[in-house]
Amino acid sequence: MNDTVDKLVIFLAKRDGIDKLVKTFQYVSKLVNWQVEATHPDLANRFKQWEVSSGLSRKAFRTGRFLTGFNGLRRNPGATPTFKFLAVLANAGEMVYFFFDHFLWLSRIGTLDAKLAKRMSFISAFGESFGYIFFIISDLIIMKQGVEAERKLIALQEEEEDSKDAKEKIRKIRGDRVMRLMAVAANVADLIIAAAEIEPNPFCNHPLSLGISGLVSAWAGWYRNWPS
């Protein structure tokens, strides 16, 4: 099971922690810039530079991340036809997001024509939002199934007192639900950020909306990736 792609994905995944940390820097600095730009323009400019630098750094960290979706489809496409269908759509969207994000990064640092940045940003954000919609649907379906299974186990536990097996299964279901809730929160937050790029509007593009969404996504990712 550990071929070259598997090993590469494991290596790239180790950068998730630093990505969430730098994402926190990026969106805290965005909020500070918004808060002080009217009263302290010099300080606001410093935090704006920190925000931009953090965003570009994160794009560099994510080099090759589009392979994660590809490997996910190879190794764990889904247990049922429904989940396989959702997995294909979700991972395809995420692969488009990460792949075109490379070109967005290169255009913003001047390696490629800066005029490409807007187009690459739109394609990347569209792929991101498309994929996250189906990730959210998958998690909601699994959480619903988990609630139903938990109810059955609780009923079984009432009939058979001191059922250690049922207690352990309930504990695992609840733990999985928390992780999936964190995933849904992060995906919804990232969806708002992507929507701001795809279809600019007063709500999604407001610095407060973007800042809070970025921090929700970052901190939900911290929780999910924190070693147990």
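**Two pockets and some salt bridges**

Hi everyone, let me start with the second largest pocket: 29 residues line this pocket, and those nearest its centre are Gln26, Tyr27, Lys59, Arg108 and Ile193. Before I go on, please keep in mind that this is a predicted model.

The second largest pocket holds about 750 Å³ of space. Its lining takes at least two residues from each of H2, H3, H5, H6 and H7, and H3 provides the largest share, with 7 residues. If you sort that lining by class, you get 13 charged, 11 nonpolar and 5 polar residues.

Now to the largest pocket, with about 1,300 Å³ of space. Here 41 residues form the lining, and Asn91, Glu94, Phe135, Asp139 and Arg224 sit nearest the centre. Two or more lining residues come from each of helix H1 (4-13), helix H2 (16-36), H4, H5, H6, H7 and helix H8 (207-225). Which element gives the most to this lining? That would be H5, with 7 residues. By class, the lining of the largest pocket splits into 16 nonpolar, 13 charged and 12 polar residues.

Let's turn to the salt bridges. The count for the model is 15. One of them joins the side chains of Asp101 and Arg62, with N to O at 2.7 Å. Asp101 belongs to helix H5 (residues 81-108), while Arg62 is in the loop between helix H3 (41-61) and helix H4 (66-75), so this pair ties together parts 39 residues apart in sequence. Are these two buried or exposed? Both Asp101 and Arg62 are buried. They also take part in a salt-bridge network, together with Asp19, Lys20, Arg58 and Lys59. You may remember Lys59 from the start of my talk, as one of the residues nearest the centre of the second largest pocket.

Next, have a look at Arg177 and Glu150, a salt bridge whose closest N and O atoms are 2.2 Å apart. This pair links distant parts of the chain, 27 residues apart, with Arg177 in helix H7 (residues 164-198) and Glu150 in helix H6 (residues 116-159). Arg177 is partly exposed at 21% relative accessible area, whereas Glu150 is buried at 8%.

My last example stays within one helix. Glu168 and Arg171 form a salt bridge, N to O 2.6 Å, and both lie in H7, 3 residues apart, which is about one turn of the helix. Glu168 is partly exposed, at 31% relative accessible area, and Arg171 counts as exposed, at 52%.

That's my tour, thanks for listening!

Terms used: Residues are numbered from 1 along each chain as its sequence is written. This is a predicted model: local features need pLDDT of at least 70, side-chain atom pairs count only at pLDDT 80 or more; totals for chains, interfaces and linings use all residues. Side-chain values use heavy atoms; hydrogens and water are left out. A salt bridge is a side-chain nitrogen of Lys or Arg within 4 Å of a carboxyl oxygen of Asp or Glu. Helices (H or I, at least four residues) and strands (E, at least two) are DSSP runs, numbered from the N terminus. Buried means under 20% relative accessible area, exposed over 50%, partly exposed in between (1.4 Å probe, protein chains only). On a 1 Å grid over the protein atoms alone, a cavity is a set of points where a 1.4 Å probe fits but cannot get out, and a pocket is an open set with protein on both sides within 12 Å along at least five of seven lines; lining residues have an atom within 4 Å of a point. Grid points are joined across faces, edges and corners, and a volume is the space filled by probe spheres set on the points. Ala, Val, Leu, Ile, Met, Phe, Trp, Tyr, Cys and Pro count as nonpolar, Asp, Glu, Lys and Arg as charged, and the others, Gly among them, as polar.
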